[in-house]
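Me: I am new to this structure and would like to learn how to read its features step by step. Could we look at it together?

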2 protein chains.
Amino acid sequence: MPSRAVLFDVNETLSDMAPLAHRFSEVGAGPHLLQTWFAALLRDGFALAAVGELRTFADLGREGLRAVLHGVVPAADVESAVEHVMSGFAGLGLHPDVADGVRALADAGVRLATLSNGGAAVGERLLRDAGLRDRFERVLSVEDAGVWKPAAGAYRYAVAELGVAPSDLLMVAVHPWDLHGAAAAGLSTAWVNRDGRTWPETFRRPDHEVAAVGELVGIAAGPAAGRAGRP
Amino acid sequence: MPSRAVLFDVNETLSDMAPLAHRFSEVGAGPHLLQTWFAALLRDGFALAAVGELRTFADLGREGLRAVLHGVVPAADVESAVEHVMSGFAGLGLHPDVADGVRALADAGVRLATLSNGGAAVGERLLRDAGLRDRFERVLSVEDAGVWKPAAGAYRYAVAELGVAPSDLLMVAVHPWDLHGAAAAGLSTAWVNRDGRTWPETFRRPDHEVAAVGELVGIAAGPAAGRAGRP
């Protein structure tokens, strides 16, 4: 088995979270609250990581929804609204480029795994429903690492579980903070930039940039998975 | 001089950031983007804190605005829009309860200081314009601590600068993550809850809860500034 491997982030990198915006509309809140809520959820998870503590994505998600829906939804309806939004995770699908890209990577003999700040069950369900679960060697969660990404311990956990050298593990994500943390922990990095965004200069530049998962084949299956393709 | 002191957060705790929403409208973006942007700014600052690094609030603010305005404002207008929003910080005022509350605390002989994730100049300007600068012994920024709140190093820096025992320093903030970090670092904590929110159970409960800064007089100037009043 080759020693090199690709480690995918899950939420927004593999899954398309846009349908959750409809769930906000359905409970009488603005669909734009999806973005606010998700940023605040990560903010609170990272705050705890900076203190050396961890709460689950699901717990932070529910508390974050209570905060963002305060004064927007009648108080008596908040709890049912919270559950309506959270249950939307179980119905999310993949971005259009993911399934073909994952199959191409697997066909090229690249080891595949995921590492999410969410629970492993969400990733398991997402990949199983897409018929891709057997392409992935492991579906990992930071809940078993004891600390959230982007803290180094989360990436070190994945490195240990997969038995690779850090530089032979290619972290793939849409989120700059995730790739910054992975690079700080010694991993190689590839940014999935589907909509032509500009890299934020406050974070370390990724080794590679792609517009679709399929473009990773030339990077991960090539002779050098490392830092040659820095954009 | 009494050894006990009150340490105020600045953005949203002392200053009212709501007028910045108008700045988003003025550049052709939705006013709701203020909340999304501020959550994402803190998210990125905390991500760096979890990695043990620091960028300034101003740098993260500008990069965060570029991200949040992508696809919302014409690309050619983004930089001027970024500067228009950022310059709004210089015009922010205090929440209505702050000035009288600060004067009452100072009159009671309580030592006052601020500790912001933003630059010290923003806090200096805010307090000077309100005629309150002389009530504050120090206006501190995490930029001199080397790490953002809620990492322990930020609070330890303030403790050292003020020369107090951690438990004799009362951290006052509207943000649960700030009080969680302060408590983890051994400080006493008071939550300013101006609009009847529910404390998020994912964070350690504060020692005190007040609806206005003036209510802190009974806590900070009383015989025991510590953990007696846990709600």
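Me: Against which elements of chain A do the buried residues of α5(A) pack?

Reply: Bear in mind that this is a predicted model. In chain A, the buried residues of α5(A) pack against β1 (5-8), β2 (111-116) and α9 (217-220).

Me: Which residues of helix α5 of chain A are buried, and why do they line one face of the helix?

Reply: Along helix α5, which spans residues 98-107 of chain A, the buried residues are A:Val98, A:Ala99, A:Gly101, A:Val102 and A:Leu105. Viewed down the axis of α5(A), these buried residues fall within an arc of 165°, and therefore they line one face of the helix. On the other side of α5(A), A:Asp100 and A:Asp107 are exposed, and the helix is followed by A:Gly109, which has a positive phi, near 85°.

Me: How is chain A divided into domains, and how should I read the contact between domain 1 and domain 2 of chain A?

Reply: The size of an interface is often given as the accessible area lost when the parts come together. Here chain A is divided into domain 1 (5-16 + 92-220) and domain 2 (20-91), with 16 residues from domain 1 of chain A and 16 residues from domain 2 of chain A taking part in the contact. Between them these two domains of chain A bury about 1,300 Å², 72% of it on carbon and sulfur atoms, while the rule finds zero salt bridges across their interface. Taken over C-alpha atoms, the centres of domain 1 and domain 2 of chain A are separated by 23 Å.

Key:
Residues numbered from 1 in each chain as written. Chains lettered and ligands numbered in written order. Predicted model: local features only at pLDDT ≥ 70, side-chain atom pairs only at ≥ 80, totals over all residues. Heavy atoms only, no water. Buried < 20%, exposed > 50% of the residue type's maximum accessible area, 1.4 Å probe, protein only. Helix = DSSP H or I, 4+ residues; strand = E, 2+ residues; numbered from the N terminus. Arc of directions from axis to C-beta. Contact = heavy atoms within 4.5 Å. Domains from an automatic or database assignment. Buried area = accessible area lost by both parts, 1.4 Å probe. Salt bridge = Lys/Arg side-chain N within 4 Å of Asp/Glu carboxyl O.
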